[in-house]
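Welcome! Open your viewer, and let's walk through this structure one selection at a time.

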Amino acid sequence: MSEILKAIASRSSIRSYTGEKLTDAELDALLDAGLRAPTATNRQELHFTVVDGGDPILFEIQDAMGPRLRPTLNFWYDGPTVILISGESAFRWTAVDAGIAVENIALAAEALGLGSVILGCLKAEMVGERRNRYAEFFRFPEGYDFQIAIAVGRKGAEKEPHTYDRAKQVTVL
Ligand SMILES: Cc1cc2nc3c(=O)[nH]c(=O)nc-3n(C[C@H](O)[C@H](O)[C@H](O)COP(=O)(O)O)c2cc1C
């Protein structure tokens with residue numbers, strides 16, 4: 001199987017990480033994967049903000065969210081690096097483009113032997129006055145809004161890829 005198909009088949013959401021940081025080369029490769037993702041009309045309307053997993057702003061967002069899953073787990077599962085993707089709010093394909101970019105990053109992480117989990121739960125917090133504070137802190141460009149995020153790090157536990165019901169989800173005419 002090709003390397004890319006292997007990464008697609010073996011990727012799963014990892015919700016446990018060792019404390020070890022990513023290397024600069026790993027982070028560069030992940031960002032490159034996001035930047036190489038296609039965007040509608042090649043608009044390149046996405047922005048990537050890299051946040052250290054220990055950054056107090058993440059804990060502030062966590063506090064605003066309240067406990068999730070188990071009180072001991074924060075929403076980024078103590079991943080050492082979180083990448084937030086913001087995008088031009090007025091462009092009709094921004095959400096799709098951000099989804100493609102975040103999956104490129106997830107697959108790149110898998111190919112590098114790292115774990116990742118896509119994080120949509122922040123979206124509900126990116127509203128009202130707090131939205132403006134976060135947009136400024138994360139340096140979203142003017143007219144951009146949060147789209148999606150991903151936590152990446154070394155896997156603290158393995159997880160089997162999800163199963164699926166091909167017959168239910170696929171129609172071949
Ligand atoms: C758009 C999107 C948002 C997600 N948001 C979260 C999230 O906020 N927290 C989380 O733990 N997992 C999140 N996930 C991960 C999904 O729960 C996960 O992909 C799904 O359960 C399938 O499992 P797998 O990724 O291991 O195949 C998100 C996934 C997607 C695609």
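**Stop 1: around the ligand**

Keep in mind that this is a predicted model. Begin by selecting the residues that surround the ligand: S12, S13, R15, V117, I118, L119, G120, C121, I148, K159, P161 and H162. Colour this shell by class and you will find 6 nonpolar, 4 polar and 2 charged residues. Which strand gives the most to the shell around the ligand? That is strand 3, residues 115-119, which supplies 3 residues.

**Stop 2: the sheet**

Strand 3 leads us on to the sheet. Show its 4 strands: the sheet is open, its order is 1-2-4-3, and the pairing is antiparallel. At the edges stand strand 1 (46-52) and strand 3; each has a single partner strand, so one side of each is left without a neighbour in the sheet. Ignoring direction, neighbouring strands here are turned by 25° against each other on average.

Now zoom in on strand 1 and strand 2 (residues 81-88), an antiparallel pair joined by 7 bridges. Pick H47 and look across to strand 2, where S86 stands opposite.

**Stop 3: the helices**

Next, select helix 4, residues 94-111, which packs on the sheet and touches strand 1, strand 2, strand 3 and strand 4 (144-153). The direction of helix 4 makes about 10° with that of strand 4.

Finally, add helix 2 (residues 24-35), which packs with helix 4 at an angle of about 145°, their axes 7 Å apart. This crossing is right-handed. To see the contact, show A29, L30, A33 and G34 of helix 2 together with A101, N104, I105, A108 and A109 of helix 4. By class, this contact has 7 nonpolar, 2 polar and no charged residues.

Terms used
Residues numbered from 1 in each chain as written. Predicted model: local features only at pLDDT ≥ 70, side-chain atom pairs only at ≥ 80, totals over all residues. Near = placed C-beta within 6 Å. Helix = DSSP H or I, 4+ residues; strand = E, 2+ residues; numbered from the N terminus. Nonpolar A, V, L, I, M, F, W, Y, C, P; charged D, E, K, R; others polar. Pairing = 2+ DSSP bridges. Axes fitted to C-alpha atoms, helices over the stretch in contact; angles between N-to-C directions. Contact = placed C-beta atoms within 7 Å. Left-handed = near helix turned anticlockwise from the far one by under 90°.
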